[in-house]
Amino acid sequence: MSFTTSLPSLRDRQIATLEKMLHLNEPIVDNGSDIQAELTWKVLILDSRSTAIVSSVLRVNDLLSSGITMHSNIRSKRAALPDVPVIYFVEPNAENINFIIDDLERDQYAHFYINFTSSLNRDLLEEFAKKVATIGKSYKIKQVYDQYLDYIVTEPNLFSLDLVNIYSQLNNPNSLEDEINKVADKISNGIFAAILTMNGIPAIRCCRGGPAELIASKLDQKLRDHVINTKSSASFTNSKLVLILLDRNIDLASMFAHSWIYQCMVSDVFELKRNTIKIPSQKPNESTKEYDIDPKDFFWAANNSLPFPDAVEHVENELSRYKADAAELTRKTGVSSLQDIDPNAITDTTDIQLAVKSLPELAFRKSILDMHMKVLASLLQELESKSLDSYFEIEQNYKDPKNQKQFISILNNGNEHTLNDKLRTYIMLYLLTDLPGSFVEECEQYFKKNSAELGSLSYIKRAKEVIKLSNYELSMSIDASHSTTSGLVNEAQKSALFQGLSSKLYGLTDGGSRLTEGVGSLITGLKNLLPDKKQLPITNIVESIMEPSLATQESIKLTDDYLYFDPISTRGVHSKPPKRQQYNNSIVFVVGGGNYLEYQNLQEWVTKTNTSNVNGTKSVIYGSTSIVTANEFLKECSLLGAEAK
């Protein structure tokens, strides 16, 4: 398949690779026969890293459909199953190899299919071979594969290396050169794995003089070696794929922003890690609520990129569809409720058989809607109690001097539970504009008086002086969830809307899974809070490289200075940047932490560009060393501020 058309998502490709591995690295061919009857039943052994990789894209039912009857952690005590084959999917380290050797020596399983998350280095491979030879069990080992899957996918085109505190490591003046090189090697290995999954060799563009340049150089050499070793460079020459490597310092403001986008708000207000939403308890005796986002969650797929009022409105539409479908089935079957239908009953009635077949799909839809009702209700409660909309309004109107007076009033509102929110908004104002000295003094006196952690602010002040911030207007814009707003409703209207919407959502979720009336009538006023759509700095950079005809001269001037590597050209180290060209596909990777805000802004650009049908279909994969919340990034900046004292 051509890389430039109908490109499967990164998640689709990772799932396909994992499923092939679970089928003993044999191609999966659906020839219409009973696949279940042909399955080899086996055990899957994982470690903590591979568990994170697999659990982000597959569920227990998916494992079962691939013939996995049991999965266990390699460190756990496991019963021997000498007649059952085993698949190992683990990191390539000495500890895991020793566990495998122990299992092999004890005849724990019948046949061993060994898969590593990334490349097993030569020293470990030789050590492994020696130990296998010593115990004389080499006949049990059927396969040893390097899978190159050492990255975590949480959205169709979003991946993370799950490497924490990378920004503080790389920007700490006390970090040793060896430490930085080790970090750069880990990052380049992770990006290399994602590139191999996409089955294309990209040109590389990167900003100069920072960690991105170091990683680009290492990655260029890896890809050149791969092209030489596979002798397949000819198949990559027309891929129109570009890897854009960026340092986090190209835009710090976006890391502190409050957002209006459903997914971004969930990540910011609660916790969203590896497709699990965790909502802290509001009462002493209640435990944290956890909601698992299924890869097949239709509502999340359709609404996570939308402003949350749209997501709430769409709940009504989905709820109406569910009710209509359920009512139609009950009418045809003559029962009063879906719960009255027994899926195990034997009947020849066609309508009953149809209803029984429809029950799993309807039950799934209902569970998805229930979950999102509860998440939205909790989210709106937090928004109202913390007045998060006021921070959002100030950030998107950061140029307006009147906002400074409004921000001072927010500082003095007596709500000290939002100290971090206040600090985030102040940092954004500090980064994006030159503030009057009197305003700065008043704000910082407030933070000192309330014992705010000001290490992050100290670091940001130094960073603003030394980082080459973009010098054009669009690079200072805030994304689709925090840009210039028109027609904000007044405070009284806003409070009434939040109160009404919250109570309506609570009505929908009362009694656990009970579904009642919709919420659409309350959304019209809330939509007045929605911002105009604008692009983040990262999106401006991507647009300038992928589609120069749409970019501003300021953006092009910035990216023309970026380094260019061509791994397919195996001679020489660098080549001069080619003439400005158009790319259909890109992998955009931020070194030092990324967020859902940037991912959604990039995907919005893709949708807009594809709608206008400019030079073919675009695809952008967004990756980072880790997906970081604003509060987590505050802590990293605080560490850097403390180091400099």
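**Helix 16 and the nonpolar cores**

Q: Is helix 16 largely enclosed or not, and why?
A: Of its 14 residues, 13 are buried, so helix 16 is largely enclosed by the rest of the structure. Buried means under 20% relative accessible area, exposed over 50%, and partly exposed in between, with a 1.4 Å probe and protein chains only. Helices are DSSP runs of H or I with at least four residues, strands are E runs of at least two, and both are numbered from the N terminus.

Q: What kind of model, and what is left out?
A: This is a predicted model: local features need pLDDT of at least 70, side-chain atom pairs count only at pLDDT 80 or more, and totals for chains, interfaces and linings use all residues. Residues are numbered from 1 along each chain as its sequence is written, and side-chain values use heavy atoms, without hydrogens and water.

Q: Which residues have the most contacts inside the largest nonpolar core?
A: Phe159, Ile187, Leu245, Tyr426 and Phe447, in a core of 155 residues. Helix 13 (residues 350–386) gives the most to this core, 10 residues. A nonpolar core is a set of buried Ala, Val, Leu, Ile, Met, Phe, Trp, Tyr and Cys residues joined through side-chain atoms within 4.5 Å.

Q: What is Tyr426 in contact with?
A: Leaving aside neighbours within four places in sequence, its contacts (heavy atoms within 4.5 Å) include Phe407, Leu435, Phe439 and Phe447.

Q: How many helices and strands in the protein chain?
A: The chain has 24 helices and 15 strands.

Q: And how much of the chain is buried?
A: Buried residues are 53% of the 645.
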